[in-house]
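I opened my notebook beside the viewer today and jotted down what I looked up, one entry at a time. Here are the pages, for anyone who likes to follow along.

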Amino acid sequence: MPFNDQVRLEALVACHRHCCLCHERKHTRIACHHIIQEADGGPDTLDNCIPLCPDCHAEVKAFDIRHHPGMTSYSAKELLRRRDDWYAIVERRCQESVAAMQRTPSSIPRSSALQGEIAFDYSNHDGKYIIGEGNSEFLTRWSRGSKRTIHAYTDNTNLSIALCAPTVGLNHIRDSSALDFSSRTRSPSLGEILILENHKGRYAAVKILELKSRNHGDEMDWARMAYWILDDGTTDFTTKG
Ligand SMILES: [Zn+2]
């Protein structure tokens, strides 16, 4: 039997959709694998489940060690240890994000609504601005680029960030989790959309509407943006535009 939906959900949240062996973020390309195989009596429980990417899954299942001297297959014991170690790392990172949010001064400007338009001086508050609240809270951080571009960061935030291609509108973003969240900084230009994922796995989209820059003849550093938050854990913005 495959794992039921509740077991799969718990496992995918616990690993943050990163493979438990190679630790790469794999979003939809991840499978829930039985540590002790079903054929050997392995139960369909959370404890017997390890989320793996296709490559690692293939390695784990690939060969019978007796026919490959000099190679070392994965034992159930090792898979269990590696899985538990990775879950602990993800949990610790999540707690660090929560602690960072709690340390955040209350003076940082914020907009708690799930959707709206914001305008702020990004030279204040270390470039920080908070959108949303609770599980759907996103601590964003920005710095000066030009009159056409602004820099966004993940440092000292609770976020991963990804930049959509210049021609992509909100109504094209169906699976946010498939975007490239691998960098700590991205530089969206006017009209472009930045996707945010917070430590609770919630997604938000931010569109850059207007920029002012003291380095380029303006009196202040200032940005105006539109944003949309998906507070139900989904990834699809196509109906939000
Ligand atoms: Zn892997």
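**Entry: a strand with partners on both sides**

I began at Ser 160, which stands opposite Glu 197 in E10. This is a predicted model, so I read each pairing as a prediction. The two strands concerned, E8 and E10, pair in the antiparallel sense over five bridges. I then looked for the other neighbour of E10 and found strand E11, residues 203-212, also joined to E10 by five bridges in the antiparallel sense. Here I noted Ile 195, whose bridge partner in E11 is Ala 205.

Next I checked the turn. The hairpin of E10 and E11 has four residues between the strands, and Gly 201 in this hairpin takes a positive phi near 75°.

How many of the residues of E10 are buried? I got six of six for this strand, which runs from 193 to 198. In a regular strand, side chains alternate between the two faces of the sheet. I therefore sorted the residues by face: Ile 193, Ile 195 and Glu 197 lie on one side, Leu 194, Leu 196 and Asn 198 on the other, and all are buried. Both faces of E10 are thus covered, with Glu 197 and Asn 198 among the buried residues.

**Entry: positive phi outside glycine**

I went looking for residues other than glycine with a positive phi. One of them is Asn 156, with phi near 55°. I placed Asn 156 in the loop between strand E7 (150-153) and strand E8 (159-163). Is Asn 156 buried or partly exposed? It counts as partly exposed, because I find 14 C-beta neighbours inside 10 Å, and a buried residue needs 20 or more.

Arg 17 also has a positive phi near 55° and is not a glycine. Arg 17 is in the loop between helix H1 (5-14) and strand E1 (31-34). With 20 C-beta neighbours inside 10 Å, Arg 17 counts as buried, because the cut-off is 20 or more.

**Entry: helix H3**

I wanted to know whether the ends of H3 are as far apart as its length suggests. Helix H3 covers residues 76-103, and at 1.5 Å a residue its 28 residues should span 40 Å. I got 41 Å between the end C-alpha atoms, which agrees.

Which residues of H3 are buried? They are Leu 79, Arg 83 and Trp 86. An α-helix has 3.6 residues a turn, so residues three or four places apart point the same way. I kept that in mind while tracing what the buried residues of H3 pack against, namely strand E2 (49-52).

**Entry: two domains**

The domain assignment gives domain 1 as 5-102 and domain 2 as 107-230. I found their centres, taken over C-alpha atoms, separated by 32 Å. Across the boundary, 10 residues of domain 1 are in contact with nine residues of domain 2. On the domain 1 side of that contact, H3 gives the most, with five residues. I sorted the residues of this side into five nonpolar, three polar and two charged.

**Entry: the whole chain**

I finished with the overall view. The chain has three helices and 12 strands, and its C-alpha atoms fill a box of roughly 75 × 35 × 35 Å along the principal axes. Of its 241 residues, 32% are buried. Among contacts between residues at least 6 apart in sequence, I noted that 56% join residues at least 24 apart.

Note on methods
Residues numbered from 1 in each chain as written. Predicted model: local features only at pLDDT ≥ 70, side-chain atom pairs only at ≥ 80, totals over all residues. Expected span 1.5 Å × (residues − 1). Buried ≥ 20, exposed ≤ 12 C-beta atoms within 10 Å, placed from the backbone. Contact = placed C-beta atoms within 7 Å. Domains from an automatic or database assignment. Nonpolar A, V, L, I, M, F, W, Y, C, P; charged D, E, K, R; others polar. Pairing = 2+ DSSP bridges.
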